[in-house]
Amino acid sequence: MAPKARPLLLLVLWMLPAPAQPGPGNENDGGWQRRGAGAPAAVAEEERCTVERRADLSYAEFMQHYAFSRPVILLGLTDNSRFRALCSRERLLASFGNNVVRLSTANTYSYQKVDVRFQEYVEQLLHPQDPTSLGNDTLYFFGDNNFTEWASLFRHYIPPPFSLLGTTPAYSFGIAGTGSGVPFHWHGPGFSEVIYGRKRWFLYPPEKTPEFHPNKTTLAWLQDTYPTLTPSTRPLECTIQAGEVLYFPDRWWHATLNLDTSVFISTFLS
């Protein structure tokens, strides 16, 4: 499934249908995690990460071993502590709470659009994924906002230092509830960094189409389909922790699953 051309900035905000009351967090999670009674249970990580992690990777090594052949998790290439501080729940609400964001359905056919204030999304609509909900019942914001409204935040982000000849980077920012995610899809290459929380990735090479339904959530796929896969048909998978960056090559199938309430940003190369 190839997506349509993206604008220079893509800003993603996941919305789930049932409201949730915000709970106290701490400075380590930016105030995004609910604590105590009633807090959602975190989704489990994989038994074994099958994506290579590399620290101090050179550009030459990146191009030779990963850029066109396989995903890799990059460690220690940038320091986004300033951007991370600005992405706390309190600071984002103070800076952008009155901004209107446009949400679209989170499946292959994104027809429905809903406009809400960012504060309403965070305080009332950010909610753990209902495992019985379909993709067209989950809404997200994707590329419909004015870049100038968020420029004061994005100018502090330091993207990965690697690029591919002939491509232009485009940002995609997201805030998502526990258990939410994107079903399998593919597009051009890019990087994805977790700012708060954890994001579990499932990846297949272009020639190996995964077994999935485009209108079922990743959580439903993990519960219903994943256990039936043989070792030879399972995807590459790994959970990306805060501060880590995943690179995915061109046309690789991938699905994502947020294991906690997560804040993340991708740099698409197109």
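1. In this predicted model, residues 24 or more positions apart account for 84% of the contacts that have a separation of 6 or more. The secondary structure through which these contacts run consists of six helices and 13 strands.

2. Of the 270 residues of the protein, 51% count as buried. The protein exposes about 12300 Å², and carbon and sulfur atoms supply 52% of that area.

3. The structure holds eight salt bridges, and one of the pairs is formed by D260 and R198, whose closest N and O atoms are 2.7 Å apart. This pair links distant parts of the chain, since D260 sits in the loop between strand 12 and strand 13 (262–269) while R198 belongs to strand 9 (residues 198–204), with their positions 62 residues apart in the numbering. Both partners are buried, D260 as well as R198. The pair is also part of a wider arrangement, in that a network of salt bridges links E45, R198 and D260.

4. A second salt bridge joins R54 to E61, with the closest N and O atoms 3.3 Å apart. The two partners fall into separate accessibility classes: R54 counts as buried because its relative accessibility is 18%, under the 20% limit, whereas E61, with a relative accessible area of 29%, is partly exposed.

5. The salt bridge between R251 and D250 has its closest N and O atoms 4.0 Å apart, and a careful reader may wish to note that the criterion applied here is a distance within 4 Å. R251 counts as partly exposed at 45% relative accessibility, and D250 likewise counts as partly exposed, at 39%.

6. N258, which lies in strand 12 (residues 253–258), deserves a separate paragraph. With a relative accessibility of 0%, N258 counts as buried, and its side chain is joined to that of K199 by a polar contact of 2.8 Å. Leaving aside residues up to four places away in sequence, N258 touches V43, A176, G177, T178, G179, S180, G181, R198, K199 and F264. This list includes R198, the residue that forms a salt bridge with D260, and so the surroundings of N258 and the network of E45, R198 and D260 have R198 in common.

Terms used
Residues are numbered from 1 along each chain as its sequence is written. This is a predicted model: local features need pLDDT of at least 70, side-chain atom pairs count only at pLDDT 80 or more; totals for chains, interfaces and linings use all residues. Side-chain values use heavy atoms; hydrogens and water are left out. Helices (H or I, at least four residues) and strands (E, at least two) are DSSP runs, numbered from the N terminus. Buried means under 20% relative accessible area, exposed over 50%, partly exposed in between (1.4 Å probe, protein chains only). A polar contact is a pair of N or O atoms within 3.5 Å; within protein, one must be able to donate a hydrogen and the other to accept it, and residues adjacent in sequence count only if both atoms are side-chain atoms. Contact means heavy atoms within 4.5 Å. Accessible areas come from the Shrake-Rupley method with a 1.4 Å probe; for residues, only the protein chains shown count as cover. A salt bridge is a side-chain nitrogen of Lys or Arg within 4 Å of a carboxyl oxygen of Asp or Glu.
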